[in-house]
Amino acid sequence: MRVRVLFFGQLKDLVGRSSDEIELPPGASVATVFQHYSSQMPRLADMAGSVAIARNERFAQPAEAVEDGDEVAIMPPVSGGSGWVESVSRDGVFAAITREPIDSAALAARTQGDGDGAVIVFEGVVRNNTGGRRTLFLDYECFVPLAVRQLEQIGRGLLERHSIHGVSLVHRIGRLAVREASVSIVVASAHRAPAYKASLEAINDVKRKVPVWKKEHFADGEVWVEGKWDESVPRTAA
């Protein structure tokens with residue numbers, strides 16, 4: 001059977017391409033796909049405990065079987081308006097990936113209801129340095145379908161756990177300059193305490209559960225930013 005394989009972030013550089021197609025025997029699993037590449041690349045094998053895999057745009061356990069025509073995404077640890085690349089809006093949750101500058105004011109307007117006395121807007125923005133190195137700009141990329149699904153799932157969980165009315169979560173991809181927002185989270189509720197708590201929980205979840213990667217470009221070089229998956233995300237090895 002034939003399977004299409006996608007690579008993201010530093011794995012794309014390591015493998016030397018963003019996608020591939022391989023032939024697998026009957027009974028192959030998600031782990032088989034990873035082993036196909038890690039057996040040829042020791043550096044990839046060393047990352048087994050931190051790499052996550054998705055099958056057909058959903059996170060998958062290593063033992064999950066693959067079928068002919070499947071799409072498998074191999075993903076490194078995550079780092080952390082109009083023109084949506086992809087979006088979903090339903091039941092109080094708006095989630096989107098965009099290549100355009102994020103209009104957080106417009107996002108707040110679409111999230112707020114007449115009964116909301118608190119609207120918390122959080123923006124994660126590009127700063128001009130990291131560890132004493134001058135940052136020129138950042139490049140963000142993501143696995144769009146899974147990223148939108150994860151953003152929506154995070155929003156849905158916030159609505160279930162907190163007394164909030166609505167939540168919007170938008171992540172930008174592409175090249176971002178210093179002071180531009182890479183992510184915007186808006187939480188609306190009748191009172192401020194639930195909104196503050198939900199907003200903090202939201203950004204923490206986004207940084208660990210959404211497949212978005214960033215490459216930081218410095219005056220003296222560039223590097224993919226290492227991060228860490230949430231414990232709930234299955235990896236290729238324990």
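**Exercise 1. Helix α4**

Against which elements do the buried residues of α4 pack? Work from the predicted model, and determine also how the buried and exposed positions are arranged around this helix.

*Solution.*
Step 1. Identify the buried positions. Helix α4 spans residues 104-111, and its buried residues are Ser104, Leu107, Ala108 and Thr111.
Step 2. Look down the helix axis. The buried residues of α4 fall within an arc of 100 degrees, so they line one face of the helix.
Step 3. Turn to the face directed away from this buried side. Exposed residues Ala105 and Ala109 are carried there.
Step 4. Find the packing partners. The buried residues of α4 pack against β7, β8, β11 and β13.
Step 5. Inspect the N-terminal end. Asp103 caps α4 there, with a side-chain oxygen 3.3 Å from the backbone nitrogen of Ala105.

**Exercise 2. The nonpolar cores**

Establish which elements contribute to the largest nonpolar core, and describe the surroundings of Ile185.

*Solution.*
Step 1. Consider the membership. The largest nonpolar core has 32 residues, and those touching the most other members are Ile97, Val167, Leu169, Ile185 and Val206.
Step 2. Assign the core to elements. Two or more residues come from each of β7, β8 (118-125), β10 (133-142), α5 (144-161), β11 (166-172), β13 (181-189) and α6 (192-209). Helix α5 supplies the largest share, 7 residues.
Step 3. Examine Ile185. Apart from neighbours within four places in sequence, Ile185 contacts Ile120, Val121, Phe122, Ser168, Leu169, Ala202, Ile203 and Val206.
Step 4. Check for a further core. A second, separate core contains 22 residues, among them Val15, Leu24, Phe34 and Ile74.

**Exercise 3. The five-stranded sheet**

Derive the strand order of the open sheet of 5 strands and name its edge strands.

*Solution.*
Step 1. Read the order across the sheet: β2-β1-β5-β3-β4, with mixed pairing.
Step 2. Locate the edges. Strands β2 (19-23) and β4 each pair on one side only, and they are the edge strands.
Step 3. Examine one pair. Strands β3 and β4 are antiparallel and are joined over 2 bridges. In one bridge, Ala54 has Phe59 of β4 as its partner.

**Exercise 4. Two residues with positive phi**

Most residues other than glycine have a negative phi. Where are Glu57 and Asp91 placed, and is each exposed or partly exposed?

*Solution.*
Step 1. Take Glu57. Its phi is positive, about 70 degrees, although Glu57 is not a glycine. Glu57 is located in the loop between β3 (52-55) and β4 (58-59).
Step 2. Classify Glu57. Its relative accessibility is 27%, so Glu57 counts as partly exposed.
Step 3. Take Asp91. Phi of Asp91 is also positive, near 50 degrees. Asp91 is situated in the loop between β6 (84-90) and β7 (93-98).
Step 4. Classify Asp91. With a relative accessible area of 65%, Asp91 is exposed.

**Exercise 5. The environment of Glu201**

Which residues does Glu201 touch, not counting those up to four places away in sequence?

*Solution.*
Step 1. Place the residue. Glu201 lies in helix α6; at a relative accessible area of 22%, Glu201 is partly exposed.
Step 2. List the contacts. Beyond its sequence neighbours up to four places away, Glu201 touches Leu158, Arg161 and His162.
Step 3. Look for a polar contact. The side chains of Glu201 and Arg161 are joined by one of 2.5 Å.
Step 4. Consider the backbone. The C-alpha atoms of Glu201 and Ile154 are separated by 9.2 Å, while these residues are 47 residues apart along the chain.

Key. Residues are numbered from 1 along each chain as its sequence is written. This is a predicted model: local features need pLDDT of at least 70, side-chain atom pairs count only at pLDDT 80 or more; totals for chains, interfaces and linings use all residues. Side-chain values use heavy atoms; hydrogens and water are left out. Helices (H or I, at least four residues) and strands (E, at least two) are DSSP runs, numbered from the N terminus. Buried means under 20% relative accessible area, exposed over 50%, partly exposed in between (1.4 Å probe, protein chains only). Two strands pair if DSSP finds at least two bridges between them. A nonpolar core is a set of buried Ala, Val, Leu, Ile, Met, Phe, Trp, Tyr and Cys residues joined through side-chain atoms within 4.5 Å. Contact means heavy atoms within 4.5 Å. A polar contact is a pair of N or O atoms within 3.5 Å; within protein, one must be able to donate a hydrogen and the other to accept it, and residues adjacent in sequence count only if both atoms are side-chain atoms. The arc is that of the directions from the helix axis to the C-beta atoms.
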